[in-house]
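Colleague: I would like to learn how to read a few local features of a protein model, taking the general idea and then the particular case each time. Could we go through one together?

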Amino acid sequence: MAVFARPRQALAIAGVLGLALSVTACGTGNDKKSDKAGSAECAAYEKYQGHKGKKVTIYSSIRDIEADRLAESWKQFEDCTGIEIDHEGSGEFEAQLGVRVDGGNAPDLAFIPQPGLLKRFVDSGKLKPAGADTKAMAEQNYSADWLKYSTVNGQFYGAPLGSNVKSFVWYSPKTFKEKGWTVPTTWDELIALSDKIAASGTKPWCVGIESGDATGWPATDWIEDLMLRTQTPEVYDQWTTHGVAFNDPKVAEALDKAGQILKNEKYVNGGFGGVKSIATTSFQEAGTPITTGKCALHRQASFYANQWPKGTKVAEDGDVFAFYFPAVDPAKGKPVLGGGEFVAAFADRAEVQAVQTYLASGEYANSRAKIGDWVSANKKLDLANVPNPVDKLSVQILQDPKTVFRFDGSDLMPAAVGAGTFWKGMVDWINGKDTATVLQGIESSWPK
C-alpha cells in the first residue's frame, strides 16, 4: 500500500543546505572526476567511479514528495560519480512496467514491490541477474529472510530497498496511562485487555477494510499475521506457494483466531458500528476513533503513521503510537509480517550495476533515512539516522535477531488469488459467510 508522507519544512531546509554543501565538496558534473574522488565527502563513492556522463533510468510507484526525497537521497552519489539517475514514478506502475518491458522500452532498474511480479519477469527472461558486487553487498547488509524474495531458481536478482512492518497495533499512550491499561506482550494478554476495555463500555477495536478496487486487503494482513503466529514459518511459506491448501485446517485455525476479534460484536467496530461496518469503513479512516476515545486498538502497518489527523503527536508519549502485534507463543520467536520493494535490473551495463550496488549499501540506507519517513531492513542503517519514532521502532524490529520476517502473503500468491479471491473472500467472511465456505472458494480459484 502507498505511504503518505508528511512534509517537514525544517527537513527540507536541512536537505537544501546539505545538497549545497555536497555540491561544494564534491564538485559539479563538469568538474574532473579526480577532483571529486579526492574530497572527503566523496570517499564513500570511490568504488562506483568510472562512469562519468552515463545515465541510469529507474521506474517505480514512488511519486510526489517521496520521489523528491529519493532524488535528494542519491544526489551526492550523482555529484561524486558523474552518473545521472533519471527516476520516474507512476500510479500505474505494475501495469505499465509490463507494457514497457514487452514493448522494448524497459527501464534500466525498477523498484518492484511484489516478489511474484519480479518472478514473472525472470520467467520471461527479461530480468538480469544481479552482478557479483551487488550480491556481495546485499549479503552483507540483509538477512537471508529478505534475500530469498528476490532469488529465483537459485539466482539472485536484486537487494531490497525500502521496507514496512505490518505487525503493529496502534493505541493511545495517553489513554492507556489514564486508564491504567498495560501494553500486552502475548496473544492471551491482548484478548484479556480487549475484554477489560469492552467491560468498561468502550469497543476495544476499530477496523476498516474498504479500499476501493482493493477492498479486503487489510483483512488479508490479519490472516497472514495469524498464520505466522499459529503455524511455523515453513508452513506459512508452503501456504503462500500452495504447498498447503487454502482450505487446510491450519488456515482455518488462523482465520478463526482472527475472528475472535474481527467477528466479535463486543469488540468491534468502535466509532463505526458492528462487525459488518468493517467492510464499508475505509482503511484510511479506520484507526482515527482512537484519537476521540471511541476505540482503543487498531491493527495496521507502520505506514499508518501518515493517516492520523493533522496535529496528532505520534510518539511513545504522544496521542498515538504502536506496539508489536503479540505472538501467540513467544517461545517460537518474534514473527513479523511486512513488505518492501526490490531493486531489479533490466540492463547490465556497468553504470547500472554500480547504481544497483550502491542502493544495497549502508551508505545509501543512511542517506535516505536521514531525510525522514522511511524504513529499511538494511543492517548498516544507524538508528540515530531515523528521526520518526515509529520508523525507529520498525527498524529495531527488523534488526532484532529474534525477528522471523515473512513477506506479505497476498503479494507472494498469484494475482488472481492474492489480489483477487483472497481480498473478496475476506469481505464475504466479514459479512457473515462461514470460514469453511470462504476458504473453499479461495482454494478453488488457485490457478491450476
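Modeller: What follows is a short conversation about helix packing, a cavity, backbone geometry and one loop residue, and the model we discuss is a predicted one.

Colleague: At what angle do helix α11 and helix α12 pack, and how far apart are their axes?

Modeller: Two packed helices are described by the angle between their axes together with the distance between those axes. Here α11, residues 217–230, packs on α12, residues 233–240, at an angle of about 140°, and their axes are 8 Å apart. The two helices are therefore oblique to each other.

Colleague: Which residues make the contact between α11 and α12?

Modeller: From α11 the contact takes Ile 223, Glu 224, Met 227 and Leu 228, while α12 supplies Val 235, Tyr 236 and Trp 239. By class, the residues of this contact divide into six nonpolar and one charged, with no polar residue.

Colleague: Turning to internal space, how many cavities of 30 Å³ or more does the count give?

Modeller: The count comes to one cavity of 30 Å³ or more, and the largest cavity has a volume of about 30 Å³. Its lining consists of Val 207, Gly 208, Ile 209, Pro 218, Trp 222, His 298, Arg 299 and Gln 300. The elements that give two or more residues to this lining are α11 and β8 (298–299), and the lining residues divide into four nonpolar, three polar and one charged.

Colleague: Which backbone values should I look at with particular care?

Modeller: Most residues other than glycine have a negative phi, and most peptide bonds are trans. In this model a cis peptide bond joins Val 268 and Asn 269, with omega about 10°, and Asn 269 is found in the loop between α13 (249–262) and β8. Asp 64, in helix α3 (residues 64–73), has a positive phi near 55°, and Asn 153, in the loop between β4 (151–152) and β5 (155–156), has a positive phi of about 55°.

Colleague: Are Asp 64 and Asn 153 buried or exposed?

Modeller: Exposed means over 50% relative accessible area, so Asp 64 counts as exposed at 62%, and Asn 153 counts as exposed at 74%.

Colleague: Where is Asn 431 placed, finally?

Modeller: Asn 431 is in the loop between α18 (415–430) and α19 (435–445), and is partly exposed, with a relative accessible area of 35%. Leaving aside neighbours within four places in sequence, Asn 431 is in contact with Lys 276 and Ala 279. The C-alpha atoms of Asn 431 and Val 275 are separated by 7.7 Å, although these residues are 156 residues apart along the chain.

Terms used. Residues numbered from 1 in each chain as written. Predicted model: local features only at pLDDT ≥ 70, side-chain atom pairs only at ≥ 80, totals over all residues. Heavy atoms only, no water. Axes fitted to C-alpha atoms, helices over the stretch in contact; angles between N-to-C directions. Helix = DSSP H or I, 4+ residues; strand = E, 2+ residues; numbered from the N terminus. Parallel < 35°, antiparallel > 145°, perpendicular 65-115°, else oblique. Contact = heavy atoms within 4.5 Å. Nonpolar A, V, L, I, M, F, W, Y, C, P; charged D, E, K, R; others polar. Buried < 20%, exposed > 50% of the residue type's maximum accessible area, 1.4 Å probe, protein only. 1 Å grid on protein atoms, 1.4 Å probe; cavity = no way out; pocket = protein on both sides within 12 Å on 5 of 7 lines; lining within 4 Å. Points joined across faces, edges and corners; volume = space filled by probe spheres on them.
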